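Reader: I have a model open and would like to go through its pockets and cysteines with you. Could you take my questions one at a time?

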Amino acid sequence: MTTDREYVAVADKAWHEALEIAKSKEGWKLEKEDKELGDLVESCKNSAGRKVYRCKATISIPPKLLIAALTDTDKVTTWNLTLTEARTLKRISDTVAISYQVTSDGGGGLVSARDFIYVSMQGYDGRTFVMGGRSVEYVDGPSGGRIVRAVNGPGCQMVIPTGDRNASQLVWLMDCDYKGWIPQSVLDIAMPFAQTSFLDSVRKLALKLKEEGKF
């Protein structure tokens, strides 16, 4: 059985690996671009030869509020429409936790829902907030039922301050092995779709918080 110390080590390693990939400049190919909003979705091959995806967007929300939303796992489905279920299974420390998440159908129904168990770590790289991690086995987590269990390699979400205190740059690095038999051509549609859907969800949250007078 995996100990808390081992989970922390896995999370720490994944955090650093994901951050390095997310910050890298070489080898990225443009998958999708919204010229009006400035959003980008890019892909590159990881060391295992699997495509990983990175989206970047600037969103009108203060970093503090965006970080609070991203880190409140048990309430994330109230605004993030790419997930239908998310809950904390174990909080190991103030910065490390194991969670269970279920995705929405992807790519407009091309890919059925997946679930995964994920260990994540929160921290800072200079002024940039980073929440990174990867899939793990967790004995007390939900067992694989009728939903196919996906496996996430090192991934992260980054919140980067901009010159405007009411705006944040958001980066999401996603390395997901969806399992099941899915042609790459379908994943090439579903993965960027998931990332742009996530950005849409964040923008709607930002609008709601602004209307509520939170900033």
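Reader: How do the residues lining the second largest pocket divide into nonpolar, polar and charged?

Author: Happy to start there, and please keep in mind that this is a predicted model. The lining of the second largest pocket has eight nonpolar, two polar and four charged residues. Two elements, α2 and α3, each give two or more residues to that lining.

Reader: Which of those elements gives the largest share of the lining of the second largest pocket?

Author: That is α3, with five residues. The pocket holds about 300 Å³ of space. Of its 14 lining residues, Ala69, Thr78, Trp79, Leu205 and Leu209 lie nearest the centre.

Reader: What makes a residue such as Ala69 of α2 count as buried?

Author: The cut-off is a relative accessible area under 20%. Ala69 is listed among the buried residues of α2, along with Pro63, Leu66, Ile67, Leu70 and Thr71. Those buried residues pack against β6, β7, β10, β11 and α3.

Reader: Now the largest pocket, please. What is its volume, and which residues lie nearest its centre?

Author: Its volume is about 700 Å³. The lining comprises 40 residues, and Leu83, Gln101, Phe116, Gln157 and Trp172 are the ones nearest the centre. By class, 19 of the lining residues are nonpolar, 18 are polar and three are charged.

Reader: Which elements supply at least two residues each to the lining of the largest pocket?

Author: They are α2, β4, β5, β6, β10, β11 and α3. The largest share, six residues, comes from β5.

Reader: On to the cysteines. How many disulfides are there?

Author: The count is zero. To be called a disulfide, a pair of cysteine sulfur atoms must lie within 2.5 Å.

Reader: Why is cysteine 44 not in a disulfide?

Author: Its closest cysteine sulfur, in cysteine 156, is 12 Å away, and against a cut-off of 2.5 Å that is too far for a bond. Cysteine 44 is also called buried, because its relative accessible area of 12% falls under 20%.

Reader: And what about cysteine 55: why is there no bond, and is it buried or exposed?

Author: The sulfur of cysteine 55 is 10 Å from the closest cysteine sulfur, again in cysteine 156, so the 2.5 Å cut-off is not met. With a relative accessibility of 0%, cysteine 55 is under the 20% limit and therefore counts as buried.

Methods:
Residues are numbered from 1 along each chain as its sequence is written. This is a predicted model: local features need pLDDT of at least 70, side-chain atom pairs count only at pLDDT 80 or more; totals for chains, interfaces and linings use all residues. Side-chain values use heavy atoms; hydrogens and water are left out. On a 1 Å grid over the protein atoms alone, a cavity is a set of points where a 1.4 Å probe fits but cannot get out, and a pocket is an open set with protein on both sides within 12 Å along at least five of seven lines; lining residues have an atom within 4 Å of a point. Grid points are joined across faces, edges and corners, and a volume is the space filled by probe spheres set on the points. Helices (H or I, at least four residues) and strands (E, at least two) are DSSP runs, numbered from the N terminus. Ala, Val, Leu, Ile, Met, Phe, Trp, Tyr, Cys and Pro count as nonpolar, Asp, Glu, Lys and Arg as charged, and the others, Gly among them, as polar. Buried means under 20% relative accessible area, exposed over 50%, partly exposed in between (1.4 Å probe, protein chains only). Contact means heavy atoms within 4.5 Å.
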